[in-house]
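This report is written for a reader who has not met the structure before. Please look over the sequence and the model before reading on.

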Amino acid sequence: MKARNDPNYDKLFKVRPFIDSVKAETEPEKYNSVDELIIPFKGRSSLKQYVKNKPHKWGIKVFAHAGTSGIVYDFEIYRGKER
């Protein structure tokens, strides 16, 4: 575990192996898009964001790379403003 003031500190270090195993390892489709998703969450977390234009205003923000079929090929959980 790295110290919080370390530039390589990862807020998601406990779940990083799971996140890496969930990401799809298939060939992306011809047409793709990048979208912002909100995973609804009302608990306490430093990852929680407020986005007023979303149906679920409070939650964890995720940027997803998806194909036209709706399959998510890659995603990144927003961890806050980088230093």
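Leaving aside its neighbours within four places in sequence, which residues is Leu12 in contact with? The contacts of Leu12 are Ile19, Leu47, Ile77 and Arg79. The model described here is predicted.

## Overall layout

The chain is built from 1 helix and 4 strands. Following the sequence gives the pattern α-β-β-β-β. Along the principal axes, the C-alpha atoms fill a box of roughly 40 × 30 × 20 Å.

Of the contacts between residues at least 6 apart in sequence, 45% join residues at least 24 apart.

## Surface and charge

The chain has 83 residues, and 24% of them count as buried. About 6,800 Å² is exposed by the chain, with 55% of this area supplied by carbon and sulfur atoms.

The chain carries 17 positive and 11 negative charges. Between the mean positions of these two sets there is a separation of 12 Å.

## The nonpolar core

Which residues make up the largest nonpolar core? There are 8 of them: Leu12, Ile19, Leu47, Ile60, Val62, Ala64, Phe75 and Ile77. Two elements give two or more residues to this core, namely strand E3 (58–67) and strand E4 (72–77). Strand E3 gives the most, with 3 residues.

Leu12 belongs to this core, and three other core members, Ile19, Leu47 and Ile77, are among the contacts of Leu12. Arg79 is also in contact with Leu12.

## Aromatic pairs

How many aromatic pairs does the structure hold? There are 3, and two of them are described here. Tyr9 and Phe13 form a tilted pair, at 6.4 Å centre to centre and with 55° between the planes. Both rings belong to partly exposed residues: the relative accessible area is 22% for Tyr9 and 32% for Phe13.

Phe63 and Tyr78 form an edge-to-face pair, at 6.1 Å centre to centre and with 85° between the planes. Phe63 lies in strand E3 and Tyr78 in the segment after E4, so this pair ties together parts that are 15 residues apart in sequence. Phe63 is partly exposed, with a relative accessible area of 32%. Tyr78 is partly exposed as well, with a value of 26%.

## Lys61 in strand E3

Is Lys61, a residue of strand E3, buried or exposed? Lys61 counts as buried because its relative accessibility is 14%, which is under the cut-off of 20%.

Not counting residues up to four places away in sequence, Lys61 touches Glu36, Leu37, Ile38, Gln49, Val51, Glu76, Ile77 and Tyr78. Among these, Ile77 is also a member of the largest nonpolar core, and Tyr78 is a partner in the edge-to-face pair with Phe63.

## Glu25 in the loop

Where is Glu25 placed? Glu25 is in the loop between helix H1 (16–22) and strand E1 (32–40). Glu25 is exposed, with a relative accessible area of 77%, whereas Lys61 is buried.

Glu25 and Ile38 are 13 residues apart along the chain, and their C-alpha atoms are separated by 23 Å. Ile38 is also one of the residues that Lys61 touches.

Terms used: Residues numbered from 1 in each chain as written. Predicted model: local features only at pLDDT ≥ 70, side-chain atom pairs only at ≥ 80, totals over all residues. Heavy atoms only, no water. Core = buried A, V, L, I, M, F, W, Y, C linked by side-chain atoms within 4.5 Å. Buried < 20%, exposed > 50% of the residue type's maximum accessible area, 1.4 Å probe, protein only. Contact = heavy atoms within 4.5 Å. Areas by Shrake-Rupley, 256 points an atom, 1.4 Å probe, with all protein chains shown as cover. Lys, Arg positive; Asp, Glu negative; His and termini not counted. Charge placed at Lys NZ, Arg CZ, Asp CG, Glu CD. Phe/Tyr/Trp six-rings, centres within 6.5 Å; stacked < 30°, edge-to-face > 60°.
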